[in-house]
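Welcome, and thanks for opening the viewer. Let's take a short walk through the model, one selection at a time.

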Amino acid sequence: MMDLKRIYWTRVGLRLAAAATMMWLAVSFAVGLMPKGSAGTNTSTVSEVFRGMVDGAVAAVMLPGLFAIVLTIIGGVINARDVRRRDPARRFTRQQRREGMARAGGQCEMESGFGRCCPRPAEQGDHFYPWSKGGSTSLQNFVAACARCNRAKGAGIPSPRQQERLERRRLGYGAPEAALSVGERQPLP
Ligand SMILES: [Zn+2]
């Protein structure tokens with residue numbers, strides 16, 4: 001079974017770490033540019049002051065820069081693994097579409113804000129866990145969606161709470177037990 005909690009929180013954590021590192025980098029750079037120590041001495045030439053600023057800035061961004069590089073490498077590895085996981089079949093079959101739509105009773109299963117179910121009729125089948133990130137083209141990963149929700153969802157990874165709510169809603173409209181767990185990801189080949 002797909003461990004959406006782990007996948008989701010790992011990626012949220014990486015995004016936060018990347019944002020924090022960028023801030024750290026910017027602040028370190030600005031601080032590094034500031035002239036140090038002997039303020040007021042007029043013995044140094046303009047070029048010496050300039051060189052001091054550059055040296056200071058370079059030294060200051062070393063550590064956050066290293067962090068940024070490590071995070072970029074981790075991001076690249078995750079992305080490459082997502083691509084390797086991709087299901088060769090991207091489109092749902094006619095049969096999957098029919099069954100998925102019937103399971104949802106023809107209603108959009110997505111959320112239109114504040115965890116509330118979208119009231120519009122379903123028009124398309126969508127991958128709950130995005131195809132581009134390795135989501136399976138299976139009935140378990142199928143959600144019925146209206147065009148607007150499908151567009152709004154894009155390739156974002158749904159949160160574990162969204163998954164829970166959808167599973168609970170499906171219980172409510174009497175889906176068979178086989179359809180209970182929502183979301184499926186392809187194994188690494
Ligand atoms: Zn909708």
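Is Lys133 buried, partly exposed or exposed? Select Lys133 and you will see a partly exposed residue, with 24% relative accessibility (buried means under 20% relative accessible area, exposed over 50%, partly exposed in between, with a 1.4 Å probe and protein chains only). Before moving on, two notes on what you are viewing. This is a predicted model, in which local features need pLDDT of at least 70 and side-chain atom pairs count only at pLDDT 80 or more, while totals for chains, interfaces and linings use all residues. Residues are numbered from 1 along each chain as its sequence is written, and side-chain values use heavy atoms, with hydrogens and water left out.

**Stop 1: around Lys133**

Lys133 sits in the loop between strand 1 and strand 2 (142-145); helices (H or I, at least four residues) and strands (E, at least two) are DSSP runs, numbered from the N terminus. Now add Arg11, Asp82, Ala155, Ile157 and Arg185: Lys133 is in contact with these residues, leaving aside its neighbours within four places in sequence (contact means heavy atoms within 4.5 Å). For a long ruler line, pick Val46: its C-alpha is 53 Å from that of Lys133, and the two are 87 residues apart in sequence.

**Stop 2: the zinc ion**

Next, select the zinc ion together with Cys108, Cys118, Cys146 and Cys149, whose SG atoms coordinate the ion at 2.2 to 2.3 Å. Donors here are N, O and S atoms within 2.8 Å of the metal (3.2 Å for Na, K and Ca); water is not among the atoms, so sites may look incomplete. The angles among the four donor atoms run from 102 to 115°, and the site is tetrahedral (for four donors, all angles between 85 and 135 degrees). Along the chain, the donors follow the spacing C-x9-C-x27-C-x2-C. Cys108 and Cys118 both lie in the loop between helix 3 (94-103) and strand 1 (124-127), so this pair ties together parts that are ten residues apart in sequence. Colour by accessibility and both come out buried: Cys108 has a relative accessible area of 1%, and Cys118 has 3%.

**Stop 3: Glu123**

Glu123 is in the loop between helix 3 and strand 1. Glu123 is exposed, at 52% relative accessible area. Not counting residues up to four places away in sequence, Glu123 touches Met101, Ala145, Ala147 and the zinc donor Cys146. The C-alpha atoms of Glu123 and Ala147 are 6.1 Å apart, with their positions 24 residues apart in sequence.

**Stop 4: two helices**

How do helix 1 (residues 4-33) and helix 5 (residues 160-172) pack? Their axes are 9 Å apart, at an angle of about 150°; axes are lines fitted to C-alpha atoms, for helices over the stretch in contact, and angles run from 0 to 180 degrees between N-to-C directions. That makes the helices roughly antiparallel (over 145 degrees). Show Leu4, Lys5, Tyr8 and Trp9 on helix 1, then Pro160, Gln163 and Glu164 on helix 5, to see the contact.

**Stop 5: after helix 5**

Finish in the segment after helix 5, where you will find Tyr173. Tyr173 is partly exposed, at 34% relative accessible area. Setting aside neighbours within four places in sequence, Tyr173 contacts Arg103, Ala104 and Glu109.

Methods
Tetrahedral: all angles 85-135°; square planar, octahedral: opposite > 155°, others 65-115°. Parallel < 35°, antiparallel > 145°, perpendicular 65-115°, else oblique.
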